[in-house]
Amino acid sequence: MLNERKKKILQIIIEDYISSAEPVGSRTIARKYDLGLSPATIRNEMSDLELLGYLEQPHTSAGRIPSAQAYRFYVDALIEPGTLTDNDMALIDGWYNERRRNIDDIFQSTSKILSRMTQNVSMVLTNQQTIANFCYLKFLPLDSQHAILCIVADDGSIDTNVVDIPLGMSSEEMDYLAGKMSKLLEDRNLSDISVEILQNVHTDVVEDKLIFSSLLQAVRKMTGRRQEQKVFLGGTKQLLNQPEFRDVERVRNLLGILEEEKVLKDLLQGGEDSGLKVTIGSENKFTGIQDCSMVQATYRLNGQIVGTMAVLGPTRMEYGKVISVMDYLHKYLKTILDK
């Protein structure tokens with residue numbers, strides 16, 4: 001347990017180091033912060049904090065830097081989440097309004113605005129099948145035996161497949177068939193469109209086995225594609241702006257992880273928990289990011305996990321700002337997806 005004075009000194013050191021990326025000394029604290037303590041007293045408190053594992057001394061510098069243990073304590077007990085300014089919120093609103101055309105645009109925008117506002121790498125993992133409903137389908141004649149089947153979802157996405165059609169089937173018959181099928185499938189969640197439901201469509205509407213087989217194959221392809229989670233990545237160039245990543249080998253190792261989509265999906269799997277999670281240093285399971293921190297939040301819609309967004313950066317990241325941005329984006333996304 002740390003007394004209030006040690007907590008205050010530790011908080012100052014962490015926040016000063018986050019801001020400057022320079023080791024913090026007792027004289028700096030005495031000069032910049034009105035604690036009513038002498039440099040000698042502050043130096044003694046810093047020695048105690050070092051013995052307790054909260055501070056480290058890089059090289060022969062007179063200053064100290066926070067340890068991973070210190071960041072953990074800071075996040076759990078000391079942090080004061082920042083509040084976004086009106087300009088920050090207007091920037092986010094404008095960014096989405098300019099780029100939001102379909103569900104992929106929403107998540108791509110989320111990854112970009114998240115990296116831009118936090119100055120770190122951002123990642124967004126989506127499970128799109130849980131948030132999309134069937135809207136309608138349409139046949140576009142291609143030749144006498146083939147048509148393009150377009151399946152439109154209410155998230156703005158369109159799946160297309162070339163399908164076989166019965167010889168001699170007119171465009172009017174195809175439009176009638178598409179309208180009847182659309183009415184039967186309308187507003188169903190794409191994940192709920194099963195073979196049994198399509199069998200009912202076959203019984204009620206589609207008499208020809210060829211066109212039904214083509215429809216069944218197209219829908220299976222569509223749902224199969226949507227079961228594959230997508231990862232949107234933003235801000236990898238931000239790494240080069242951080243003093244911690246001036247080491248070429250260190251950057252190479254981290255970029256190697258960010259280039260592996262399977263690794264990113266494993267890293268971002270939210271499981272059953274929702275809410276905010278912060279992992280620091282060795283708490284991260286992949287060796288390439290064990291000197292980094294990651295802040296992630298799993299979000300849900302109607303009880304189902306829609307995806308996870310995360311910020312990855314040095315342990316010296318601005319946790320308060322990151323958490324406040326993610327909290328705002330979390331609420332903003334829920335509003336958009338509910339619509």
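# A tour from T110 outward

Begin by selecting T110, which is buried, with a relative accessible area of 0%. The model on screen is a predicted one. T110 sits in helix 6, which covers residues 103-118. Show its surroundings next: leaving aside neighbours within four places in sequence, T110 is in contact with Y96, V124, M309, L329 and L333.

Stay on helix 6 and pick D104, which belongs to this helix. D104 is partly exposed, with a relative accessible area of 24%. Draw a distance from its C-alpha to that of S157: the two atoms are separated by 8.3 Å, although the residues are 53 apart along the chain.

**The cores**

Return to Y96, one of the contacts of T110. With neighbours within four places in sequence set aside, Y96 is in contact with I106, S109, T110, I113, L329, Y332, L333 and I336. Now colour the largest nonpolar core, a set of 53 residues in which L10, Y96 and Y319 touch the most other members. Helix 12, residues 319-338, gives the most to this core, with nine residues. A second core, separate from that one, has 27 residues, including L149, L177, L190 and I197.

**Helix 1**

L10 leads to the next stop, helix 1, which runs over residues 4-20. This helix has 17 residues and reaches 24 Å from its first C-alpha to its last, close to the 24 Å expected at 1.5 Å a residue. Select K6, I9, L10, Q11, I12, I13, I14, D16, Y17 and I18 within helix 1; these residues are buried. Look at both ends as well. At the start, a side-chain oxygen of N3 comes to within 3.2 Å of the backbone nitrogen of R5. Just after the helix, A21 has a positive phi of about 65°.

**Aromatic rings**

Switch to the rings, of which five aromatic pairs are counted. Show Y71 and Y319 together: their ring centres are 5.9 Å apart and their planes lie at 45°, so the pair is tilted. Y71 belongs to helix 4 (residues 68-78) and Y319 to helix 12, so this pair ties together parts that are 248 residues apart in sequence. Both Y71 and Y319 are buried. Add Y74 to the selection, and the aromatic cluster of Y71, Y74 and Y319 is in view.

Move along helix 12 to Y328 and Y332. The centres of these two rings are 6.0 Å apart and the planes are at 45°, so this pair is tilted. Y328 and Y332 both lie in helix 12, four residues apart, which is about one turn of the helix. Y332 is buried, with a relative accessible area of 15%; Y332 also appears among the contacts of Y96.

One more ring deserves a selection, that of F245. R250 lies over its face, at 4.7 Å from the ring centre.

**The whole chain**

Finally, zoom out and switch to a cartoon. The protein has twelve helices and ten strands. Of its 339 residues, 48% are buried. Among contacts with a separation of 6 or more, 60% are between residues 24 or more positions apart.

Conventions:
Residues numbered from 1 in each chain as written. Predicted model: local features only at pLDDT ≥ 70, side-chain atom pairs only at ≥ 80, totals over all residues. Heavy atoms only, no water. Core = buried A, V, L, I, M, F, W, Y, C linked by side-chain atoms within 4.5 Å. Buried < 20%, exposed > 50% of the residue type's maximum accessible area, 1.4 Å probe, protein only. Helix = DSSP H or I, 4+ residues; strand = E, 2+ residues; numbered from the N terminus. Contact = heavy atoms within 4.5 Å. Expected span 1.5 Å × (residues − 1). Polar contact = N/O pair within 3.5 Å; in protein donor to acceptor, adjacent residues only side chain to side chain. Phe/Tyr/Trp six-rings, centres within 6.5 Å; stacked < 30°, edge-to-face > 60°. Lys NZ or Arg CZ within 6 Å of the ring centre and 35° of its normal.
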